[in-house]
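Morning, everyone. I have one structure to show and two topics, cysteines and a helix pair. Here it is.

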Amino acid sequence: MEQTPLVIALIGALGIGAQWIAWRTGWPAIALMLGAGVIAGPVLGLIDPEHIFGSLLEPMISVAVAIILFEGGLSLNFRELRRTDGAVTRLVLLGAPIAWFLGAIACYYIAGLVWPVAILFAGILIVTGPTVVLPLLRQSNVAARPQAILKWEAIVNDPVGALCGVVTYEYLRRVEEGGTLASVVLALLAAAAFAGLMGWLAARAIGWAFPRGHVPEYLKAPVLLVAVIGVFVLSNAIQQETGLLTVTVMGIALANMRLTSLRDIQPFKENVTVLLISGVFVLLSASLDFEVLQRFEWRFLGFLLALLFIVRPATVLLSLAFTRVPWNERLLVAWIAPRGIVAVAISGLFALRLDRIGYGDGSILVTLSFAVVIATIIAHGFSIRAVARLLKVTGATERGLLIVGGTPWSLALAQQLRQLEVPVTICDNSWQRLSPARQAEIPIYHGEILAEVTEERLDFTQFQVLAAVTNNEAYNALVCNEFAPKLGRDNVYQLGDAVDEDHRSLPESLRGRALFASGLGVEDIVERERAGWTFRKTRISDQFGFDAIRSDLPEEADMVLLLRKNGVIRFFTHASRPQPQPGDTIISYVPPTSRRRGAAKARKEEVAS
């Protein structure tokens, strides 16, 4: 008991540490978390989940998976579903039965399981699961449609796979009592319908109470969390394994009610989900038992190969036949299907129950489920980026700058960046203000950047940086504050006076990074535009370094941004200055008196480089 707090801290450190390393290196987070758990668990013996948590381990993991599924459901908007051209519906209604049928054949003829156990295990393997798919998609640059298909399939099929396992087990249990398959299916369908109705009613209750002030702001996140756990436990008490369906329906229903209250707790639920996924994966891998893995037989390797290269591809290709989804996207979806904690947890649960009713092959399910999880995580985790590039279904390969505000200043900056082959898009809700950009053949987005529909029409994965440069400082701050969670607070910039510790100005926590080291305001830029200020770009070299560029600029000139050789954009702000290196390019904002001298120096720098 004394070691429990230390083990909990170690689990958190390993999980979050693995995610951080994945962010820094680009390696798949799920594979790193799996490796961290194996090293800390069966290899070094630092973590023994069953010894530390005992009987609490299974309910802890069950509740964590329920919360993860609910959070995943909250991200499923029906508008995104329409963009998949019916692929998700087909993968659920056609793909699940096909995967169940083909998986059962592979389990019986290749893995050597008896038919009842083969059918049950194949039903469980329908599950892919958000615990593995969501971290994988977060790190990979997959195009919008296949990403939406994989995300929807993972979240929706999670409870479907669990219910398939329940149907099989209940039939095996009741057949000796004279029960029929029809009676078992009808009973479980009624339980599933009730579970879905319970989730929908819970969502409606939240949707009614939150906007009417029946729950104070500081209690909304706790109330939502307790409600999710409550309906999950209640549904499972009525019929085992229907709780996952309940929380999934509850999440999807809430996601499509457009509750403003949910936007306020979005960061909280996302942070909780990251913590839970990290912890669950470390617990999963730390629970690996080498004695169980020693039961692995060579025929199981053939089963894994059949699962990866026959069952999954055939399921997807048959389900998506005659759809508008392009072939390259179908092939990517056909390859990616990692399994996670839900498959292992349900397999372990049914392994014990099958042994009780006389099916000896039930004990093999634990070995097979761990093998499937390890094989799919390694195969799909390390290959998704390469496969996406090979099939040409990646997002934007070169991420550029999104400029909010069609002004002469933003147009001039965009033209400079276009000359450097940097992707730039100017966004404004005024067609007239966008007219000069259209004439200059600069990509534009006509619409309100803060509108909900913008997320559907504008692919934000193509941008690494946002600069809000309208003539309204408060609006610029609002835009930066809205997109800081998506792009990162260090990647959103705005025009507007930057005055530290001034009660009359917006606090830094509510605004973007102020452009210019001197923190120029909107009025300052307007005055300089009238005075004829222009942009100048200069490339740093070994002969013409940063100090030389700085001394060449007029005293009143300002450096705007730094473009690195690898395409990374960093603005100079009042709070930070990027460290230039040879090969980088600096864009400066200079007064008209320095134009000729600047052009001469630029020619000199080009000759020197």
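Please find Cys-480 first. This is a predicted model, and in it Cys-480 has 0% relative accessibility, so this residue counts as buried. Now go to Cys-427, which has 1% relative accessibility and therefore counts as buried.

How many disulfides does the structure hold? Zero. Why is Cys-480 not in one? The closest cysteine sulfur to that of Cys-480 belongs to Cys-427, and the distance is 13 Å, too far for a bond. A disulfide would need the two sulfur atoms within 2.5 Å. Starting from Cys-427 instead, the closest cysteine sulfur is in Cys-480, again at 13 Å and too far for a bond.

On to the helices. Two packed helices are described by the angle between their axes and the distance between the axes. The pair I want is α4, residues 57-74, and α9, residues 144-175. Their axes come within 9 Å and cross at roughly 135 degrees. Angles over 145 degrees would count as roughly antiparallel, and 65 to 115 as roughly perpendicular; α4 and α9 are therefore oblique to each other. The crossing of α4 past α9 is left-handed.

Which residues make the contact? On the α4 side they are Val-65, Leu-69, Gly-72 and Gly-73. On the α9 side they are Ile-155, Asp-158 and Pro-159. By type, the contact residues come out as four nonpolar, two polar and one charged. Glycine is counted as polar here.

That covers both topics.

Note on methods:
Residues are numbered from 1 along each chain as its sequence is written. This is a predicted model: local features need pLDDT of at least 70, side-chain atom pairs count only at pLDDT 80 or more; totals for chains, interfaces and linings use all residues. Side-chain values use heavy atoms; hydrogens and water are left out. Axes are lines fitted to C-alpha atoms, for helices over the stretch in contact, and angles run from 0 to 180 degrees between N-to-C directions. Helices (H or I, at least four residues) and strands (E, at least two) are DSSP runs, numbered from the N terminus. Angles under 35 degrees count as roughly parallel, over 145 as roughly antiparallel, 65 to 115 as roughly perpendicular and the rest as oblique. A crossing is left-handed if the near helix is turned anticlockwise from the far one by less than a right angle, and right-handed if clockwise. Contact means heavy atoms within 4.5 Å. Buried means under 20% relative accessible area, exposed over 50%, partly exposed in between (1.4 Å probe, protein chains only).
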